[in-house]
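Work through the following exercises with the sequence and the 3D structure side by side, and try each task before reading its solution.

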Amino acid sequence: MLLGTTMGYCTSPDSQPPSTSSPGCSSKLFFIILLFGQILLCTAVDTINSTTPLSGTQKIVSPANKFALGFYSPPQSNATSSSSGNYYIAIWYSNIPIQTTVWTATTDVPVSDPATASLEIATDGNLVLLDQAKNRRLWSTNVSIASNSTKAIIRDSGSLDLTDASNSSIVYWRSIDHPTNTWLPGGKLTLSKTTGLSQRLVPWKNNADPSPGLFSLELHPSGTAQYFIQWNESISYWNGGLFTLVQQTTAGYYFQFVGSATENYFSYSMKDDSVLSRLTMDVNGQIKQWTWVPSSQQWIFLWSQPSSQCDVYALCGPYGSCNANPLPICNCIKGYSEKDQSGWDLQDYSGGCKRNAPLQCQNNSSPDHTKPDKFYTMAGVRLPDNAESAAGGTSSRECELTCLNNCSCNAYTYNSSGCFVWHGDLVNLQEQYSGGNGVGTLFLRLAASELPDPQKSKTVIIGGVVGGVAAILIILVIVLFFLFQKRRRDRTLGRLIVSISTPTHPY
């Protein structure tokens, strides 16, 4: 939800100048003065300075009305436009009907009431967000400035620039160079060679929460023209470079890698500045390129990396399984259910799944605690990460017993390389996997109550067969009985007809 109108200058954008025939407008000169004054008053403000802080429903708009900055509240879900109740300083497109943010200042520090907060120029020249109700600083540009006379300007590039108050060409800080989940044309993904810090592209936690998610796009620390996508700042699951991006995009883009003594960075620009385009780090762990199509009034998806959704590491969380064919993309494996359903509804599967019934060794108070755990066969799956080789497992049965005798063992597999077991969470599973590498049969450990008893199943099957045969015999007897009765009636009727039709002779 976007708040407000342009900073207090126009109470009604549809208001009209008074008619020249109305009382008090006795001359054309007076009308011209009024019209000129109204145009000046309704000019959108694009600047925050030391005397004009931003608060409440106010916003600033870029000169060509391409972007706006103000307090923003994400919708509670994809299905509703109602506000989540948390507000953030954000930049969004102001000239398209679909609400689309491109930068957020306070991703992990929301404001509950924008009327009690203020975005302003501090005494040290930095742009800061203050929570006046709690008297604390929530966010700051946090740069060293020689002069404390500064101002913040929203540009048609979508960047909020902190500049010198008297010379806007002197720029101390640009939001476009400190991206959150969106990379705009003209912005940079930077790796500093002096500090080692990387300006990363990080997704929202989910579609209603702009706090940082688990994935990130950043430059490779080796200093080469490469970048990679990581999960939880620890595991890289996709690598690319300048050539990769050029291949994926059309001739309308310029991608550039620059290396200097102090930094390396990637940037890109549009051949046609009138085309709206953005690259996002999506909540599902993919980078995606979008372009706005005015004729359909929609964002059109161009390409993504990794191209397969299930190639995103641990997308479905612990005990979740990715399936590229049906929707939803993530499902809980047998014996497990969603740990955080609200997160799953917002496409945040990181919480994964929880066990429905405890294992035998985990719950002695259960009525079924005397029944040993069982294994559910999952064939043709991408095996989870972090498998451990189990010594002494010379057969599938021995491998099963090795896992069964350790309460922390959640699954095992046995193949030509030997016995492998999994302790702890199972992550990065994929069912109906055809990738080749890492495919196998997983034997998932579950409580006895989660799987049918083979003996009971056999009894049920035998009982069903016997019952079915008995039912058929009963039906057959009934049919034969009715056929016999019908035949008797037919014979009796035949004799009666013969007796009636035979003539009698007098003696």
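**Exercise 1.** In which strand does Ala152 lie, and does Ala152 count as buried or exposed?

*Solution.* The model is a predicted one, and the first step is to place the residue: Ala152 belongs to strand β11, which covers residues 150–154. The second step is to compare its relative accessibility with the cut-off, since buried means under 20% relative accessible area; Ala152 has 0% and therefore counts as buried. The third step is to list its surroundings: once neighbours within four places in sequence are left aside, Ala152 is in contact with Asp46, Thr47, Ile48, Ile121, Leu127, Leu160, Asp161 and Leu162. As a final step, take the pair Ala152 and Ser50, which are separated by 102 residues in sequence but by 9.5 Å from C-alpha to C-alpha.

**Exercise 2.** Determine how β9 and β10 are connected and paired.

*Solution.* Begin with the pairing, in which β9 (residues 127–131) and β10 (residues 136–140) run in the antiparallel sense and share four bridges. Next, pick out a bridge, for which Leu130 has Arg137 in β10 as its partner. Then examine the connection: the two strands form a hairpin with four residues between them, and Asn135 in the turn has a positive phi of about 55°.

**Exercise 3.** What is the strand order of the open sheet of three strands, and why is one side of β18 and of β20 left without a neighbour in the sheet?

*Solution.* The order is β18-β19-β20, and the pairing is antiparallel. β18 (215–219) and β20 (235–241) stand at the edges and have a single partner strand each, so one side of each lacks a neighbour in the sheet. From one strand to the next, the twist averages 20°. Looking at one pair in detail, β18 and β19 (residues 226–231) are joined over five bridges, with Ser216 standing opposite Gln230 in β19.

**Exercise 4.** Describe the nonpolar cores, and then the enclosed space.

*Solution.* The largest nonpolar core has 49 residues, and those with the most contacts inside it are Leu217, Tyr237, Leu426 and Leu442. Beyond residues up to four places away in sequence, Leu426 touches several others, including Tyr319, Ile333, Leu442 and Leu444. A second, separate core holds 35 residues, among them Ile48, Ala105, Trp173 and Trp299.

For the enclosed space, a search of the whole structure finds two cavities of 30 Å³ or more, and the largest contains about 60 Å³. Its lining includes Val102, Trp103, Thr182 and Trp183, and the elements that contribute two or more lining residues are β7 (101–104) and β14 (182–183).

Notes: Residues numbered from 1 in each chain as written. Predicted model: local features only at pLDDT ≥ 70, side-chain atom pairs only at ≥ 80, totals over all residues. Heavy atoms only, no water. Pairing = 2+ DSSP bridges. Axes fitted to C-alpha atoms, helices over the stretch in contact; angles between N-to-C directions. Core = buried A, V, L, I, M, F, W, Y, C linked by side-chain atoms within 4.5 Å. Buried < 20%, exposed > 50% of the residue type's maximum accessible area, 1.4 Å probe, protein only. Contact = heavy atoms within 4.5 Å. 1 Å grid on protein atoms, 1.4 Å probe; cavity = no way out; pocket = protein on both sides within 12 Å on 5 of 7 lines; lining within 4 Å. Points joined across faces, edges and corners; volume = space filled by probe spheres on them.
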